[in-house]
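Me: I would like to go through this model by question and answer. Please reason each reply through and finish on the name or value I ask for.

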Amino acid sequence: MRGKGINYDTGFCPGGENSREHFDADVVRSEMRIIARELHCTAVRISGGEPERLSIAGELAAAEGLEVWFAPFPCELTTDQLAPLFEDCAGRAEHLRRSGANVVLVTGCELTLFGDGFLPGGTVFERIRRLQSRSPRLYAAFARLPGKLNGFLAATAEAARSRFAGPLTYASGLWEPVDLSLFDIVATDAYRDASNAGTFRSELRRRRQHGKPLAITEFGCCGYAGAAARGGMGWAIIDDSTDPPRLDGDYTRDESEQARYLEELTAIFAEEGVDLAFWFTFAGYPLVGDPDPRRDLDMASYGVVKVLPGGPGTGYDGLGWEPKLAFAALAQADFGAAPAQQQAIADS
C-alpha cells in the first residue's frame with residue numbers, strides 16, 4: 001500500500017441527529033497534529049454536512065502536510081438539493097488545492113442510503129432496514145438504480161470538474177452499481193463482516209479491473225466482543241428509545257478485537273494492491289464511554305479514541321478523549337508513503 005489514512009468527522013446528520021454539535025477549530029488543529037505526527041497518517045478524509053467546517057478542517061489538515069480528501073457528506077437531501085452543495089464544495093476544494101495542498105474531492109458517500117430518492121425509505125435507517133430485508137420493492141428499486149445513480153454521478157462529476165482541477169472520486173458502498181469510469185480514483189467503503197468474508201477479496205479485485213488507483217474510503221470495527229462479525233453494522237447496538245440512550249443488551253468491551261480487525265484488513269489491502277485505506281474513524285464524538293457497560297456508548301464507536309464523560313479539559317492533552325488499542329495499532333501500521341493522488345496524477 002502507498003498511503004495510510006483516517007476518517008475525520010466534522011459533523012453529519014443521519015436521521016437528523018448531528019454527530020458533532022460542537023466544532024472547535026483549536027480542537028481540530030490539535031487532532032490534525034496528532035493524526036499526522038502520532039498516527040503517522042499520510043491522508044485524512046474530512047467528511048461532514050457543513051461545507052464551511054470542511055474548509056476549516058481541510059486547511060488545518062493541509063498545514064500538517066496531510067493529503068486532504070474533501071468529502072461532503074450530506075444526509076436526506078434530494079438530487080436537486082445535493083447538486084448545488086457538491087458544486088460549492090468543488091469550489092472550496094479547488095481553493096484549498098490552489099493554496100498548495102494535495103486535495104482529492106469525494107463527490108458523496110453511499111448516496112443510495114444517505115440520499116433521498118435512490119432507494120425506498122424515508123430515512124437512512126429505514127433504507128438500511130429495507131436493504132437488509134431484501135423486499136420485492138427493493139429489488140424493483142435496484143433494477144432502476146444503475147441509471148438513476150450513475151446519471152446523477154455523471155452530472156455531479158461534470159459540474160465538479162468545471163470547478164475543481166484535482167482528482168475526483170466517489171465513496172461507494174459495496175452494493176452500489178457505480179460506473180467507475182467517471183472517476184480518477186476508484187473508492188469504496190469496505191467493511192468485512194460474517195456475511196461477506198468469503199467474497200471480500202474478490203470484491204476488491206473486481207474494483208481493480210479499471211487499472212486506476214483503488215482507495216478504501218472506510219473500513220473499521222467497534223470495540224466489543226463480536227463486533228468484527230458485524231463490520232459496518234457494529235454501531236447498531238444502541239437503544240435510542242431510552243433517555244439517555246443505552247446499549248440494547250449486554251456486551252463485553254474488547255478493544256483488542258478492534259485492533260485485530262485493523263491489522264487483519266490492512267494486511268489484506270496490502271496483499272490486494274490497495275493504494276490507500278482510511279480507517280473509520282478518528283472519534284465517535286457523541287458516543288461517550290462509561291464505567292457502566294450498558295451506558296458505555298463507546299462500545300458502539302469505530303473511533304481509535306474513547307470520548308470521556310468529562311469532555312474538553314480531560315483526557316489526552318485536555319482534548320476530552322483517551323487513545324484505545326486501535327490508536328496504537330494504527331500508529332504502528334506501515335502502509336507506505338505515497339498518497340493515492342500522486343499515483344492518479346502519474347497515471348493520467
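Me: Which residue, with a positive phi, follows H5?

Reply: This is a predicted model, in which local features need pLDDT of at least 70 and side-chain atom pairs count only at pLDDT 80 or more, whereas totals for chains, interfaces and linings use all residues. Residues are numbered from 1 along each chain as its sequence is written, and side-chain values use heavy atoms, with hydrogens and water left out. Helices and strands are DSSP runs numbered from the N terminus (H or I over at least four residues for a helix, E over at least two for a strand). The residue that follows H5, with its positive phi near 55°, is arginine 134.

Me: Over what arc around the axis do the buried residues of H5 lie?

Reply: Buried means under 20% relative accessible area, exposed means over 50%, and partly exposed lies in between, for a 1.4 Å probe and protein chains only. In H5 (residues 124–133) the buried residues are Val124, Arg127, Ile128 and Leu131. They sit on the same side of H5, because the arc that they cover around the axis is only 100°. That arc is taken from the directions from the helix axis to the C-beta atoms.

Me: Which residue in S7 is the bridge partner of threonine 188?

Reply: Strands count as paired if DSSP finds at least two bridges between them, and S6 (residues 186–189) pairs with S7 (residues 214–219) in the parallel sense over four bridges. Threonine 188 points the same way from S6 as Val186, with Ala187 and Asp189 pointing the other way, and all of these are buried. Within S7, the bridge partner of threonine 188 is isoleucine 216.

Me: How many disulfides are there?

Reply: A disulfide is a pair of cysteine sulfur atoms within 2.5 Å. Cysteine 13 does not qualify, because the closest cysteine sulfur, in cysteine 75, is 6.5 Å from its own, too far for a bond. Cysteine 109 is in no disulfide either, the nearest cysteine sulfur, again that of cysteine 75, being 8.8 Å away. By this rule the count is zero.

Me: Is leucine 66 buried or exposed?

Reply: Leucine 66 lies in the loop between helix H2 (51–63) and strand S3 (67–72). Taking contact as heavy atoms within 4.5 Å, and leaving aside neighbours within four places in sequence, leucine 66 touches several residues, including Met32, Ile35, Val44 and Asn102. At 3% relative accessibility, leucine 66 counts as buried.

Me: Which residue forms a salt bridge with arginine 97?

Reply: A salt bridge here is a side-chain nitrogen of Lys or Arg within 4 Å of a carboxyl oxygen of Asp or Glu. Arginine 97 is partly exposed at 27% relative accessibility, and its partner lies three residues apart in helix H3, about one helical turn. With the closest N and O atoms 2.8 Å apart, that partner is glutamate 94.

Me: How many residues apart are arginine 208 and aspartate 275?

Reply: Arginine 208 and aspartate 275 form a salt bridge, with the closest N and O atoms 3.6 Å apart. The pair links distant parts of the chain, arginine 208 being in the loop between H7 and S7 and aspartate 275 in the loop between helix H9 (255–271) and strand S10 (276–279). Arginine 208 is partly exposed at 30% relative accessibility, whereas aspartate 275 is buried at 2%. Their separation in residues is 67.
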